[in-house]
Amino acid sequence: MTHPLDRTLSTNRVSDAERDGLLAAPEFGARFTDHMVQMIFDGGAWGTMRLLPFGDITLSPAALALHYGQAIFEAFKAYAQPDGSVAMFRPDANGERMRASAERMAIPALPDGVVEQSCAALVDVDRRWVPTSDGSALYLRPFIFASEAHLSVRPAECYHYMVIASPVASYFGPTLRAISVAVERRDVRAAPGGTGAAKFAGNYAAGFAAHGRAVSDGCDQVMWLDAAEHRWIEELNAMNVMFVWRRNGDTVLSTPPLAGTILGGITRDSLLTLAADGAGGVDSVVVEPTSIDEVADGLASGELVEVFACGTAAVIAPIGVLVDRGEDADASVRLVVGDGEPGPITMALRRALLDIQYGSAPDPHGWRVVVGDGGLSGR
Ligand SMILES: *Cc1c(COP(=O)(O)O)cnc(C)c1O
């Protein structure tokens with residue numbers, strides 16, 4: 001279904017020279033393109049999809065999202081293709097996930113196809129903001145928040161759906177390094193029946209304190225354990241986790257089951273699919289729980305050969321070290337994965353996925369969605 005789009009083009013765009021400077025070295029999430037999308041839910045229905053100049057919005061201080069956190073988001077990228085076109089990666093999957101997040105947070109569902117179509121419209125008008133250097137992309141951020149001015153503790157009656165876009169470079173700079181993670185023993189990210197499976201704003205704020213402790217321990221990220229037993233590995237703050245095992249001479253890729261507490265990453269799903277196709281020389285793919293003890297044992301025995309994290313922003317981040325502070329602070333253990341450097345299977349899987357995203361390999365699963373030139377004037 002195609003939704004009508006109301007366009008108001010910016011008369012105050014960033015100059016070519018300034019934009020080229022920004023695109024040469026984009027800072028993650030710090031600058032935005034010339035336009036944005038906005039669609040408002042009011043009176044029981046979603047209104048017109050509007051493309052507008054990027055800018056501040058006004059909100060009542062009583063906007064319900066500011067008080068009770070009724071807010072969700074999505075994230076995916078558009079990549080410059082070798083033929084000069086631009087392709088979004090699996091926007092339909094993000095639209096589907098946003099629908100599921102909305103349902104969990106009692107937010108009214110968007111009409112089908114809105115995420116894909118509104119993002120395509122934004123990428124199209126701001127096509128010149130898609131960086132072309134190696135590892136870079138245009139990061140798309142659709143989000144919905146409760147904008148009704150009301151302090152009752154109940155779902156809002158008005159919402160803003162918006163999309164903003166930001167050019168991003170390779171997440172870890174020009175050379176990929178392995179990250180270190182701190183195994184979190186105190187806080188939990190998600191509990192059964194909670195909000196962990198939704199891309200819900202409050203999940204991230206709830207992880208910031210643990211992130212701060214991880215950073216003060218010299219780590220890059222938090223690795224979350226399950227809420228009930230504090231044993232089973234779940235994920236990082238915005239990335240899923242995968243393990244590469246050598247079992248009876250086979251290379252096995254594993255990842256924990258989603259089970260309602262883990263966010264179903266589209267990168268996770270894509271890598272499971274590619275590995276099942278044989279990418280990276282993987283023989284088999286299993287979705288199974290892995291405890292922190294199994295990680296320690298597997299590293300000691302050599303059965304566990306590589307560990308990595310995956311998500312849209314970084315695509316794949318090899319994990320070189322896990323720091324487990326244990327139950328008491330004195331018992332901190334440093335688990336090194338292999339030689340602590342990015343492993344070959346991790347790198348091969350990463351390459352396989354990037355080659356599809358950047359259009360240098362065939363796309364057997366139909367994941368690339370080329371953004372049509374809408375024939376917009378003034379570009
Ligand atoms: C967004 C996110 C991921 C990764 O999802 P992708 O669709 O691969 O970007 C993983 N975990 C959490 C908690 C997330 O928010």
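Hi everyone, this is a short walk through the ligand site and the aromatic pairs of this structure. Please keep in mind that we are looking at a predicted model.

Let's begin with the ligand. Where does the ligand sit? You will find it in the largest pocket. Around the ligand there are 15 residues, and the closest are Lys-199, Tyr-204, Glu-235, Thr-267 and Thr-312. If you sort that shell by character, you get five nonpolar, six polar and four charged residues.

Now for the polar side chains that reach oxygen atoms of the ligand. Thr-312 places a polar side-chain atom 2.6 Å from a ligand oxygen. For Lys-199, a polar side-chain atom lies 2.7 Å from an oxygen atom of the ligand. Arg-97 also has a polar side-chain atom by a ligand oxygen, with 2.8 Å between the two. And how much of the ligand does the protein bury? On its own the ligand exposes 380 Å², and the protein buries 98% of that.

Let's move on to the aromatic rings. How many aromatic pairs are there? The count comes to nine. I'll show you two of them, starting with Phe-41 and Trp-46. Their ring centres are 5.2 Å apart and their planes meet at 70°, so this pair is edge-to-face; the cut-off for that label is an angle over 60 degrees.

Are these two residues buried or exposed? Phe-41 has a relative accessibility of 11%, so it counts as buried. Trp-46 comes out at 14%, and therefore Trp-46 counts as buried too. The limit to have in mind here is 20% relative accessible area.

The second pair is Phe-243 with Trp-245. Here the centres are 6.0 Å apart with 40° between the planes, and the pair is tilted. Phe-243 and Trp-245 are both buried.

One last stop, back at the first pair. Which residue joins Phe-41 and Trp-46 in an aromatic cluster? That would be Tyr-159, and the three residues form one cluster.

So, when you open the model, try two views. For the ligand, look at Arg-97, Lys-199 and Thr-312, each with a polar side-chain atom by a ligand oxygen. For the rings, look at the cluster of Phe-41, Trp-46 and Tyr-159. Thanks for listening!

Note on methods
Residues are numbered from 1 along each chain as its sequence is written. This is a predicted model: local features need pLDDT of at least 70, side-chain atom pairs count only at pLDDT 80 or more; totals for chains, interfaces and linings use all residues. Side-chain values use heavy atoms; hydrogens and water are left out. A residue is near a molecule or strand if one of its heavy atoms lies within 4 Å of it. A polar contact is a pair of N or O atoms within 3.5 Å; within protein, one must be able to donate a hydrogen and the other to accept it, and residues adjacent in sequence count only if both atoms are side-chain atoms. Accessible areas come from the Shrake-Rupley method with a 1.4 Å probe; for residues, only the protein chains shown count as cover. On a 1 Å grid over the protein atoms alone, a cavity is a set of points where a 1.4 Å probe fits but cannot get out, and a pocket is an open set with protein on both sides within 12 Å along at least five of seven lines; lining residues have an atom within 4 Å of a point. A molecule sits in a cavity or pocket if more than half of its atoms lie within 2 Å of its grid points. Ala, Val, Leu, Ile, Met, Phe, Trp, Tyr, Cys and Pro count as nonpolar, Asp, Glu, Lys and Arg as charged, and the others, Gly among them, as polar. Rings of Phe, Tyr and Trp (its six-membered ring) pair if their centres lie within 6.5 Å; planes under 30 degrees apart count as stacked, over 60 as edge-to-face and the rest as tilted. Buried means under 20% relative accessible area, exposed over 50%, partly exposed in between (1.4 Å probe, protein chains only).
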